[in-house]
Amino acid sequence: MTTIEAQVNRYGYVTEAIAEDIDLVAEINRLKKEKNAVILAHYYVDAEIQDLADYIGDSLGLSQQAAATEADMIVFCGVHFMGETAKILSPNKKVVIPDLNAGCSLADSAPADKFAAFKAQYPDHIVISYINCSAEIKALTDIVCTSSNALQIVESLPKDQKIIFAPDANLGRYVAHKTGRDMVLWDGACIVHIDISREKLAQLRTENPDALLIAHPECKEDILKQADYVSSTTGLLKFVKESSHDKFIVATEAGILHKMKQSVPDKKLIPAPGSDNNTCACSECPYMKMNTLEKVYNALYYEQPEIFVPEDIRLKAYESVARMLELSKGI
């Protein structure tokens, strides 16, 4: 085992010291060209990483990019399941992530063994799983979806088709309400979106009566019911760009505000507050914030930590993800 592999095994990321005089952004851009690598970043990672990424997007857009890229290596700045999805779609490419510890509370809420037992109780149901899940769950799934295409995918099925929806119960309830489908829901949730404080949000709305509340469908049902607009991260970004309104309370992870501010610098954007008293008075994903410029540099330089998906799992998972991508053409 090399020193770098030992660091990854022990800490989950490369801990090798970086010279203080290195221009990280310049070196990352140089290494990308040298190694024919592409950096994919989710809207929720820190602004400095978004600004150097080759593509920034939500789960659907990132999956589409991972499937289409001609790069030899993908550096995925997001969370673990996103790197897995890239590897599922591009098995011949090297996929690395800055920190293996960057997990996902929603993905962790659906252990594969328990979900398999749950699924066995409904043998006549088709399984639609939100992309925020492990490769093992994707392998137990018929069609993967994202918040961008969940409605379209559910509505593509016959109305009498029985459906299990996993792992996000809030998104599942929202989709069931919008489509009129009676779906069996796995009881999972995202810690960031369910932590948005009802009381603090009410106070914020009182202080800003002229602001529209826009929300991600992973939020709790009572938040979604009062929202003026509900959509995926990309959908929320598009809405603030196209809306004639100039003030918004944004109920999702605060990382999206960076791209929103770049797109609509003259509009006022207010992050919906989380229950915790954190420094930003907003909702932040601790896993997304594990991505740092230093870790991106080391991941690109040492090509570690690398994502691997067992081939038997990958092949089954590929079918459900590929079906999603086929049904999502045009989105």
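The following paragraphs lead the reader through the annotated cysteines of this structure and the empty spaces within it. The model is predicted, and every value below is computed from it.

A suitable starting point is the record. In an unreviewed UniProt entry, the annotation "binding site" covers Cys104, Cys190 and Cys285. Where do these residues lie with respect to one another? They span 182 residues in sequence, yet no two of their C-alpha atoms are more than 9.3 Å apart, so they gather at one spot. Cys104, Cys190 and Cys285 also belong to the lining of the largest cavity.

Two of these cysteines may now be considered in turn. Cys104 is located in the loop that joins strand 4 (94–96) to helix 6 (105–108). Is Cys104 buried or exposed? Its relative accessibility is 13%. Because a residue under 20% is classed as buried, Cys104 counts as buried. When residues up to four places away in sequence are not counted, Cys104 touches Val79, Phe81, Asn132 and Tyr287.

Cys285 is likewise found in a loop, here between strand 12 (268–271) and helix 16 (293–302). The relative accessibility of Cys285 is 10%, and this residue therefore also counts as buried. With its neighbours within four places in sequence left aside, Cys285 is in contact with Val192 and Glu253.

The discussion now turns from the cysteines to the spaces themselves. Rolling a probe the size of a water molecule over the atoms shows where empty space is left. How many cavities of 30 Å³ or more does a search of the whole structure find? The search finds 2.

The largest cavity, whose lining includes the three annotated cysteines, has a volume of about 270 Å³. Its lining consists of 29 residues, and those closest to the centre are His42, Tyr44, Asn132, Glu218 and Met288. Asn132 thus appears a second time, for it is also one of the residues that Cys104 touches. Which helices each supply at least two residues of this lining? They are helix 4 (59–68), helix 5 (80–89), helix 6 and helix 11 (191–194). Helix 11 provides the largest share, with 3 residues. Sorted by class, the lining of the largest cavity comprises 14 nonpolar, 12 polar and 3 charged residues.

The second largest cavity holds about 40 Å³ of space. Its lining is made up of Ser59, Leu62, Ser63, Phe76, Phe81, Met82, Thr85 and Ile131. Helix 4 and helix 5 are the elements that give two or more residues to this lining, and both of these helices contribute to the lining of the largest cavity as well. Phe81, a residue of the second lining, is also in contact with Cys104. By class, the lining of the second largest cavity has 5 nonpolar and 3 polar residues, with no charged ones.

One further space is a pocket. The largest pocket has a volume of about 250 Å³. Asn170, Arg173, Tyr174, His177, Lys178, Glu221, Leu224, Lys225 and Val230 form its lining. Two or more of these residues come from each of helix 10 (169–179) and helix 13 (221–226). Which element gives the most to this lining? Helix 10 does, with 5 residues. The lining of the largest pocket divides into 3 nonpolar, 2 polar and 4 charged residues.

Methods: Residues numbered from 1 in each chain as written. Predicted model: local features only at pLDDT ≥ 70, side-chain atom pairs only at ≥ 80, totals over all residues. Heavy atoms only, no water. UniProt positions renumbered as here; feature names shortened; annotations may be inferred. 1 Å grid on protein atoms, 1.4 Å probe; cavity = no way out; pocket = protein on both sides within 12 Å on 5 of 7 lines; lining within 4 Å. Helix = DSSP H or I, 4+ residues; strand = E, 2+ residues; numbered from the N terminus. Buried < 20%, exposed > 50% of the residue type's maximum accessible area, 1.4 Å probe, protein only. Contact = heavy atoms within 4.5 Å. Points joined across faces, edges and corners; volume = space filled by probe spheres on them. Nonpolar A, V, L, I, M, F, W, Y, C, P; charged D, E, K, R; others polar.
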